[in-house]
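Me: I'd like to go through this model and check the labels people put on its residues. Can you take my questions one at a time?

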Amino acid sequence: MMELNWKRALVAGGGAGAGRGLAPIAALAALITGLASAADAPATAAVSALPGMPPVTDPRNLYSETGAGKLSPQVQGDLDRIYVPNLRSNDVSVIDPATLKVVGRFKVGISPQHIVPAWDLRTLWVTNNAEGRTDGSLTPIDPRTGQPGKAIPVDDPYNMYFTPDGKSAIVVAEARKRLDFRDPRTMALQYAIDTPGCPGINHADFAIDGRFAIFTCEFSGTVVKIDLPNRKVLGYLSLQMPATRFKETAAPRAPLVSVPGKAWEPGQTEVCSVTKGMPQDIRSSPDGKRFYIADMHADGVHIVDGEAFTQVGFIATGIGAHGLYPSRDGRRLYVANRGSHQIHGKRLGNGSVTVIDFATESVAARWPVPGGGSPDMGNVSADGKYLWLAARFDDVIYRFDTSSGDVAQVKVGSEPHGLTVWPQPGRYSLGHTGNLR
């Protein structure tokens with residue numbers, strides 16, 4: 001093959017017009033350069049995905065199909081809206097992102113926690129887990145009309161995900177320490193996986209090949225790894241706390257001045273005296289090798305090797321690290337820092353957003369909420385220009401400009417939680433507030 005390519009280069013060069021004597025040399029040089037470039041380029045093996053799962057388009061970036069503008073034909077005609085579940089007022093606020101106005105509001109079940117896009121992108125599900133009660137439910141929303149349908153009774157749906165092959169919805173029954181696998185349309189129970197070592201099971205992300213998932217355990221400072229094809233727990237991992245964390249203080253009241261090339265700092269640090277963390281959201285690195293886990297008690301993001309299931313690093317981000325959202329180009333990870341170490345924090349806390357560079361695993365920027373606030377859960381706009389987050393303790397939602405960190409606010413209901421932005425780019429949804437791929 002090498003000899004044939006050389007001959008082709010010489011023939012192609014020899015067929016040139018004027019300067020024919022130099023053409024073969026130029027063609028030969030070009031061929032050598034091309035071969036050298038190919039040799040230097042890292043080989044990227046194709047991913048052998050779980051049967052039934054859509055193929056991995058780019059093994060170097062599992063977020064490649066969620067880039068700006070890559071909207072599926074399935075979402076054509078869907079309304080551009082922000083859907084906000086209000087935990088204490090038991091309703092959903094609907095915001096027009098173009099006008100920053102509330103254009104709708106409707107009642108749902110008890111304690112709505114998250115708005116979850118279905119695997120096929122045709123339904124948005126409100127997870128009403130009825131905290132402390134037994135009458136949980138799921139309320140469907142038609143994204144073409146923005147209107148709710150009839151709720152389906154479901155036990156303890158704190159959060160919800162979908163298997164990568166789309167065959168099951170995974171209802172995260174937090175109070176039951178259990179994962180309930182259900183029909184993704186009717187929500188009829190298929191089977192369950194008990195996770196007795198995972199109190200407060202809540203958020204998850206999936207391996208690049210779809211064969212395992214890692215769920216966080218809020219009340220034990222651990223994570224659990226689930227073998228999806230074989231329907232079993234593979235093990236638990238205790239997350240190591242850092243030596244120091246940020247001291248919980250009131251947010252600065254003076255105007256904050258941005259210094260080029262320097263990230264704003266959330267405040268002074270203190271000895272981290274807690275013995276276990278409070279892990280929240282979790283997201284995969286673009287190449288699928290690492291998982292980043294936000295921890296409210298550690299004030300940062302743990303880094304875990306997914307295959308080895310070992311902790312390999314930690315990045316300090318801000319007080320009460322909580323939600324995680326990749327940028328539309330797959331280069332950055334936005335971390336919502338809720339501004340408090342408490343489950344029920346004070347209003348106008350020292351909340352912020354930290355931007356992590358995936359390639360270097362370093363902090364690229366920190367954006368405060370001027371005057372204080374509590375960024376929690378949300379997602380990125382379809383064009384990547386804005387990060388929308390609920391303010392858990394402040395009854396508003398935020399729109400962060402991803403180019404500057406500037407913040408706009410919209411008043412909503414009582415205790416907004418896992419809002420979603422719709423539509424979003426991607427081929428299918430793995431759940432939560434829009435973990436699309």
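**Labels and the values behind them**

Reply: Sure. Let's start with a charge over a ring: Arg399 lies over the face of Tyr386, at 4.1 Å from the ring centre. Keep in mind that this is a predicted model.

Me: What makes the 4.1 Å of Arg399 and Tyr386 fit that description?

Reply: The distance cut-off is 6 Å from the ring centre, and Arg399 sits at 4.1 Å from that of Tyr386. Arg231 is likewise placed over the face of Tyr191, at 3.7 Å from the ring centre.

Me: Why is the pair of Tyr63 and Phe358 called stacked?

Reply: The structure holds 10 aromatic pairs. In this one the ring centres of Tyr63 and Phe358 are 6.5 Å apart and the planes are at 20 degrees. Planes under 30 degrees apart count as stacked, so the pair of Tyr63 and Phe358 gets that label.

Me: Why do you say that this pair ties together parts that are apart in sequence?

Reply: Tyr63 is in the loop between α2 (23-40) and β1 (81-86), while Phe358 is in the loop between β25 (352-357) and β26 (362-368), so the parts being tied together are 295 residues apart in sequence.

Me: How do you know whether Tyr63 is buried or exposed?

Reply: Buried means under 20% relative accessible area. Tyr63 has 2%, so it counts as buried. Phe358, at 8%, is buried too.

Me: What makes the pair of Tyr334 and Trp367 tilted?

Reply: Tyr334 and Trp367 are 5.9 Å apart centre to centre, with 35 degrees between the planes. Stacked needs under 30 degrees and edge-to-face over 60, so the rest, tilted, is what remains. This pair also links distant parts of the chain, with Tyr334 in strand β24 (residues 332-337) and Trp367 in strand β26, 33 residues apart. Both Tyr334 and Trp367 are buried, and ring pairs link them with Tyr398 and Phe400 into a cluster.

Me: How do you know that Arg185 and Asp120 form a salt bridge?

Reply: The cut-off from side-chain nitrogen to carboxyl oxygen is 4 Å, and the closest N and O atoms of Arg185 and Asp120 are 3.3 Å apart. Arg185 lies in the loop between β11 (178-182) and β12 (189-194) and Asp120 in the loop between β4 and β5 (124-128), so this bridge ties together parts 65 residues apart in sequence.

Me: Why is Arg185 called exposed, and why is Arg366 called buried?

Reply: Exposed means over 50%, and Arg185 has a relative accessible area of 58%, so it is exposed. Arg366 has 9%, so it falls under the 20% cut-off and is buried. Arg366 forms a salt bridge with Glu265, the closest N and O atoms being 3.0 Å apart. Glu265 has a relative accessible area of 43%, so it is partly exposed.

Me: What makes Ser111 buried, and what does its side chain reach?

Reply: Ser111 is at 9% relative accessibility, so it counts as buried. Its place is in the loop between β3 (101-107) and β4 (112-117). The side chain of Ser111 reaches the backbone nitrogen of Glu131 at 3.5 Å. Leaving aside neighbours within four places in sequence, Ser111 is in contact with residues including Leu87, Asn90 and Thr127.

Me: Which residues touch the most other members of the largest nonpolar core?

Reply: Leu179 and Phe215, out of 36 residues in that core. A second, separate core of 16 residues includes Ala336, Val355, Val380 and Phe400.

Definitions and conventions:
Residues are numbered from 1 along each chain as its sequence is written. This is a predicted model: local features need pLDDT of at least 70, side-chain atom pairs count only at pLDDT 80 or more; totals for chains, interfaces and linings use all residues. Side-chain values use heavy atoms; hydrogens and water are left out. Helices (H or I, at least four residues) and strands (E, at least two) are DSSP runs, numbered from the N terminus. Buried means under 20% relative accessible area, exposed over 50%, partly exposed in between (1.4 Å probe, protein chains only). A polar contact is a pair of N or O atoms within 3.5 Å; within protein, one must be able to donate a hydrogen and the other to accept it, and residues adjacent in sequence count only if both atoms are side-chain atoms. Contact means heavy atoms within 4.5 Å. Rings of Phe, Tyr and Trp (its six-membered ring) pair if their centres lie within 6.5 Å; planes under 30 degrees apart count as stacked, over 60 as edge-to-face and the rest as tilted. A charge sits over a ring if NZ of Lys or CZ of Arg is within 6 Å of the ring centre and within 35 degrees of the ring normal. A nonpolar core is a set of buried Ala, Val, Leu, Ile, Met, Phe, Trp, Tyr and Cys residues joined through side-chain atoms within 4.5 Å.
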